[in-house]
Amino acid sequence: MDAIGLVVAGAVLLAAVVFGVLRKVRDGRVRSVSRSASMPMDGQLASLGVRPGVVTLLQFSSAFCAPCRATRVICAEVARTTPGVSHIEVDAESHLQAVRALGIHRTPTVLIVAGDGRVVGRAHGVPKPQQIRDAIGVLHA
Amino acid sequence: MLDPRGPRFNAAITTVVLIAVLVFGSGWLALAQAVVFGLTALSPRLGPYSLVYRYLIAPRLSPPTQLEAAAPVRFAQVVGFVFAVVSAVGYLSGAVVVGIVAAAFALGAAFLNAAFGFCLGCEMYLLASRVMSKPS
């Protein structure tokens, strides 16, 4: 019996549980970006197909990413059922410049882009439809 | 395409094995786990734990509602293989710290996958792409 090994195993499992729970809790939450922090990224966003005048759910995905598929379904449904909202899905690996400029480090990440071209919210992991709707609702208020 | 519950079952068995590696400080067990990782990387369906899943577990479950791609699973097995080999070499050559650290990393990844469905390889893929293609 290796006492150090036992302690290390326990510590790793504990750290992993904490990390895993935090991830689960935070996944999918839409974090608002304050107006002052939200710099216009017109060139980057326009090059990805973002158009002014509509709210865009800009989703960054990777290949082989099951949560990205689930996110696509949810965003597409919100866009379909909410007027003035469109959904664009972008492959992160083939748009690394935009990924860097927009600070994307995980997939799926959804940026909520207001009609004036500012990023007003970000969510990583699979969002709940209501969280997206709430974030969009604030924009229309 | 694979039944996603298979790799998670594998990760659960792997978690138990790696805990045993650490608790017993066993380089031979780490080596055995490395062989399992290697076989599973070559053929996810024919790896030892996968066979247990297919013949003992899957028949008792309803058919899978979705399938997942094999490539990220195989990538994860390759990463596991590397860590398990390093751990085995560490323990067997007397460099116990190396053995412990490598096994600890592999345990963390396996447990996160088994308990939370978290795929460390998937998460690292984008970060790796970003770093490896730094604009000049």
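**Exercise 1.** Work out what share of the contacts in chain B between residues at least 6 apart in sequence join residues at least 24 apart.

*Solution.* Take contact as heavy atoms within 4.5 Å. Keep the pairs in chain B that are at least 6 apart in sequence; 70% of these contacts join residues at least 24 apart.

A quick note on the setup: this is a predicted model, where local features need pLDDT of at least 70 and side-chain atom pairs count only at pLDDT 80 or more, while totals for chains, interfaces and linings use all residues. Residues are numbered from 1 along each chain as written, chains are lettered from A in the order written, and side-chain values use heavy atoms, leaving out hydrogens and water.

**Exercise 2.** Check whether the radius of gyration of chain B agrees or disagrees with that of a compact globule.

*Solution.* Start with the rule: 2.2 Å times the number of residues to the power 0.38, with the radius taken over C-alpha atoms. For 136 residues that lands near 14 Å; chain B has 16 Å, which agrees. As for the box, the C-alpha atoms fill roughly 50 × 45 × 25 Å along the principal axes.

**Exercise 3.** Classify B:Val79 as buried, partly exposed or exposed, and place it in an element.

*Solution.* Buried means under 20% relative accessible area, exposed over 50%, and partly exposed in between (1.4 Å probe, protein chains only). B:Val79 has 33%, so B:Val79 is partly exposed. Next, the element: B:Val79 sits in helix α4 of chain B, where helices are DSSP runs (H or I, at least four residues) and strands are E runs of at least two, numbered from the N terminus. Chain B has 6 helices and 0 strands.
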